[in-house]
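Me: I am new to this structure and would like a close look at a single helix and what surrounds it. Please keep to plain description.

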Amino acid sequence: MALKTILHLSDLPNLDHVPEIYSTCFSKGLDLNRASSFRIPKFMVIGHRGHGMNILQSSDSRMKAIKENSILSFNSAAKFPLDFIEFDVQVTKDDCPVIFHDDFILTEENGTIFEKKVTELCLAEFLCYGPQKETGKEGKCLYRKTKDGKFVKWNVETDDSLCTLQDAFQKVEPSLGFNIELKFDDFAVYQQDRLLHILQVILQVVFEFARDRPIIFSTFQPDAAQLVRKLQNNYPVYFLTEGGASIYYDVRRNSLGEAMKVCLEGGLQGIVSEIKGVFKDPGAVPKIKDSNLSLLTYGKLNNVPEAVHMQYLMGIDGVIVDFVEEISQTVDDMIKPAKEMTTEGKGESEANSKLQFSQKELSFLLKLIPELIQF
């Protein structure tokens, strides 16, 4: 795909007047029929931060197998029947989009932990952390802060270097789609010109290197979500929400209902919700679908096959998962019987009867689940 001209900041005095600057030309894998909505042709499985996120204090070795958000993690995920991988993109001080989840990068010097904000580092500083590509060169040791405030070494079974967005486009299996999360600080206030600059820097790389790769943008930052939709219409934009699991000053982040408003007002294509938010309010699913919005989910429950199966029956369009091998196999086993029954000429209704709960059973489960889910 040829690089298009990026709109200058001076041409964008007001968010309401930002024009779409790219022609509608969505890549293979998803059908973008209209600028405001599209349909996902099948239940999607998306690898969280590639092959899965790292939880260093977890007793499950799968959470510490491969360095998250790395080229190795992305290509390891590509070995399984995934549709996309999800990863987090931030922009360094010298305007390079890099892939890293946390707002701060931590290291230890002389027994003291130091933290630096990723967006306040230049690219060379960022890349000096962790394993180095250059033989014989040793990088700064990476640490991570656990939820209970402890600092632990970022040790995984198979480590890899930090990487840029351009690296991912050039080094990851080209048929694998990218769900690019546009990462912003939850506690920072962004002026419009700053958002514009960050998004333009990312879009320059995407449009230069994406070629035919399927792309989805997503972000928890509602203004950024609507703005990236206005800046381009090649790729769908999803609004990320915790669905009420956490409460933010910006009310647009606090419920599925508010997420729907953000999408409909900004012409976005869908919502990515923490699955607990959906299970807590299953009645929101038909409302979202009736609004011609797609719905994906993320969260630890998506590593549980039964929870994924329930979402498939509810009409959810896909799941972001850590256990890519297990869940991709679950989904394949879940969908395969219906395909096989149809190809054997036994009819779609019989295929569905083999797969689904009865309507009464499903209705009961949907009423029960919110009582079981506690934020």
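Reply: What follows describes helix α5 and its surroundings.

This is a predicted model, in which local features need pLDDT of at least 70 and side-chain atom pairs count only at pLDDT 80 or more, while totals for chains, interfaces and linings use all residues. Residues are numbered from 1 along each chain as its sequence is written, and side-chain values use heavy atoms, with hydrogens and water left out.

Helix α5 covers residues 222-231; helices (H or I, at least four residues) and strands (E, at least two) are DSSP runs, numbered from the N terminus. At the start of α5, the backbone nitrogen of D223 lies within 2.9 Å of a side-chain oxygen of Q221.

Of the 10 residues in α5, 8 are buried, meaning under 20% relative accessible area with a 1.4 Å probe, protein chains only. These are P222, A224, A225, Q226, L227, V228, R229 and L231. The buried residues pack against β9 (177-182), α4 (192-209), β10 (215-219), β11 (237-241) and α6.

Helix α6 spans residues 256-266, and its axis comes within 10 Å of that of α5, crossing at roughly 25°. Axes are lines fitted to C-alpha atoms, for helices over the stretch in contact, and angles run from 0 to 180 degrees between N-to-C directions. Because of that angle, α5 is roughly parallel to α6, a term for angles under 35 degrees. The contact (heavy atoms within 4.5 Å) involves P222, Q226 and R229 of α5 with V262, E265 and G266 of α6.

Technical notes:
Angles under 35 degrees count as roughly parallel, over 145 as roughly antiparallel, 65 to 115 as roughly perpendicular and the rest as oblique. Buried means under 20% relative accessible area, exposed over 50%, partly exposed in between (1.4 Å probe, protein chains only). A polar contact is a pair of N or O atoms within 3.5 Å; within protein, one must be able to donate a hydrogen and the other to accept it, and residues adjacent in sequence count only if both atoms are side-chain atoms.
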